[in-house]
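Colleague: Hi! Could you walk me through this one while I have it open?

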Amino acid sequence: MTYAAFRSIGAYIPQKIMTNADFEKIIDTSDEWIVKRTGIKERRLAEKDEASSDLGAKAAEIAIKRAGINKEEIDLIICATVTPDFLCMPSTACLIASKIGIKDIMAFDVSAACTGFVYILNIAKAFIESGIKKNILLVGAEKYSSILNYEDRTTCFIFGDGAGAAIISATNDKNEAILDVSCSSDGTYEDLIKTAGGGSKHPCSQEVLDAKMSCISMKGNETFKLAVKTLTSDVIKMMEKHNLKNSDITHFIPHQANYRIIKAVGEALNLNENQTVVTVDKYGNTSAASIPMAMNDAFEEGKIKAGDTILFDAFGGGLTWGSALFKFAPKK
């Protein structure tokens, strides 16, 4: 039997920092107001000449090195992003492959917003367990600063830029296997989080540009309530399915959208602060990149070790949501 193992993690954090004080200069807000409602104190911004593929390629290089494999051994690249370099083509995954020097392999993007990394983990697990692929590079890369309306005081301070990456590889050892990944969606809630302009429904035009329809919009209060309910329910189902207790989880790594959501979900699941990884305060919401960036932080701080049981939980525009349960299994 072939299983999928989570071999490595890596991330690229842009150097430029935008603080809440910086937002006080451009919109009607305050550091106190932002921190109280989101827990965010600062976020990172990519350089003007950096695209999502640049961020993703740098994160990928780190993940590949830590996995202890050669680039030639990678046979699939999947990138989760809603801020691709180009609207239609080529895919960001293809560009990442080129930038890290990999040719002649399958590469494609997945658009599932903040749940993107969990979605591509699910896809990688299926590819490996079916025997089709052996070493898969997963990348979550976002340049959210490219789709923000900096006049929208309800949204613009929430998001940041960054990328995270992982290597998922085939193994015969069941103890290393990714235990479960569950993903779902409900398009009836499409209006809660969206970028309305630039696609086939509202093609690019001067009217679309003037209305800033190519920027993200979000109904925060409605999203908050639904996120807490959905994230909690999804994890409870997975824990019950595998007969796990709260104490069996070493690290709970939720999507870093809002500290109030993370806290509410953690309390509902009876997971303590030592189990929960939080980076939203310094990176903001980096969508598909947030979970691997958060995991990378914990790894680099020495908190994540081989054999630790890790639980992902995410919720995003679409609506999409998903969770994943696995043991961290770096190559021996």
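Modeller: Happy to; we can go through the sheets, the open spaces and one residue in a helix.

Colleague: Before we start, what kind of model is this?

Modeller: This is a predicted model.

Colleague: Good to know. Let's take the five-stranded sheet: what is its strand order?

Modeller: The order is S1-S7-S6-S4-S5, in an open sheet with mixed pairing. Strand S1 (3–12) and strand S5 (106–110) are the edge strands, and each has a single partner, so one side of each has no neighbour in the sheet. From one strand to the next, the twist averages 20°.

Colleague: And which helix packs on that sheet?

Modeller: That's H5, which touches S1, S4, S5, strand S6 (135–143) and strand S7 (161–171). The direction of H5 makes about 165° with that of S6.

Colleague: How do S4 and S5 run, parallel or antiparallel?

Modeller: Parallel, with five bridges joining strand S4 (residues 76–80) to S5. If you want a pair to click on, Ile77 has Ala107 in S5 as its bridge partner.

Colleague: Back to H5 for a second. I've got Val118 selected; where does it sit?

Modeller: Val118 belongs to helix H5, which covers residues 116–129.

Colleague: Buried or exposed?

Modeller: Buried: the relative accessibility of Val118 is 1%, and the cut-off for buried is under 20%.

Colleague: What does Val118 touch, beyond its neighbours within four places in sequence?

Modeller: Its contacts there are Val181, Ser182, Cys183, Ile291, Phe312, Ala314, Gly322, Ser323 and Ala324. Take Ser323: it is 205 residues away from Val118 along the chain, yet their C-alpha atoms are separated by 6.5 Å.

Colleague: Nice. What about the four-stranded sheet, how is that one ordered?

Modeller: S8-S13-S12-S11, again open and with mixed pairing. Strand S8 (178–185) and S11 stand at the edges with a single partner strand each, so each has one side without a neighbour in the sheet. Ignoring direction, neighbouring strands are turned by 10° against each other on average.

Colleague: Which helix packs there?

Modeller: H10 does, touching S11, S12 and strand S13 (320–327). Its direction makes about 150° with that of S12.

Colleague: And how many bridges are there between S11 and S12?

Modeller: Four, and S11 pairs with strand S12 (residues 309–316) in the parallel sense. Phe252 stands opposite Leu311 in S12.

Colleague: Changing topic: how many cavities of 30 Å³ or more turn up?

Modeller: One, in a search of the whole structure. It holds about 30 Å³ of space.

Colleague: Which residues line it?

Modeller: Leu231, Phe252, Pro254, Ile261, Ile262, Val265 and Asp313. By class, six of the lining residues are nonpolar, none polar and one charged. Helix H8 gives the most, with three residues, and strand S11 (251–254) also supplies at least two.

Colleague: Now the second largest pocket. What volume does it have?

Modeller: About 380 Å³. The lining has 21 residues, and Glu273, Asn274, Thr276, Val277 and Val278 lie nearest the centre of the pocket.

Colleague: Which helices contribute to that lining?

Modeller: Helix H8 (259–268) and helix H10 (290–300) each supply at least two residues. H8 gives the most, with five residues.

Colleague: And how does that lining divide by class?

Modeller: Seven nonpolar, seven polar and seven charged residues.

Technical notes:
Residues are numbered from 1 along each chain as its sequence is written. This is a predicted model: local features need pLDDT of at least 70, side-chain atom pairs count only at pLDDT 80 or more; totals for chains, interfaces and linings use all residues. Side-chain values use heavy atoms; hydrogens and water are left out. Buried means under 20% relative accessible area, exposed over 50%, partly exposed in between (1.4 Å probe, protein chains only). Contact means heavy atoms within 4.5 Å. On a 1 Å grid over the protein atoms alone, a cavity is a set of points where a 1.4 Å probe fits but cannot get out, and a pocket is an open set with protein on both sides within 12 Å along at least five of seven lines; lining residues have an atom within 4 Å of a point. Grid points are joined across faces, edges and corners, and a volume is the space filled by probe spheres set on the points. Ala, Val, Leu, Ile, Met, Phe, Trp, Tyr, Cys and Pro count as nonpolar, Asp, Glu, Lys and Arg as charged, and the others, Gly among them, as polar. Two strands pair if DSSP finds at least two bridges between them. Axes are lines fitted to C-alpha atoms, for helices over the stretch in contact, and angles run from 0 to 180 degrees between N-to-C directions.
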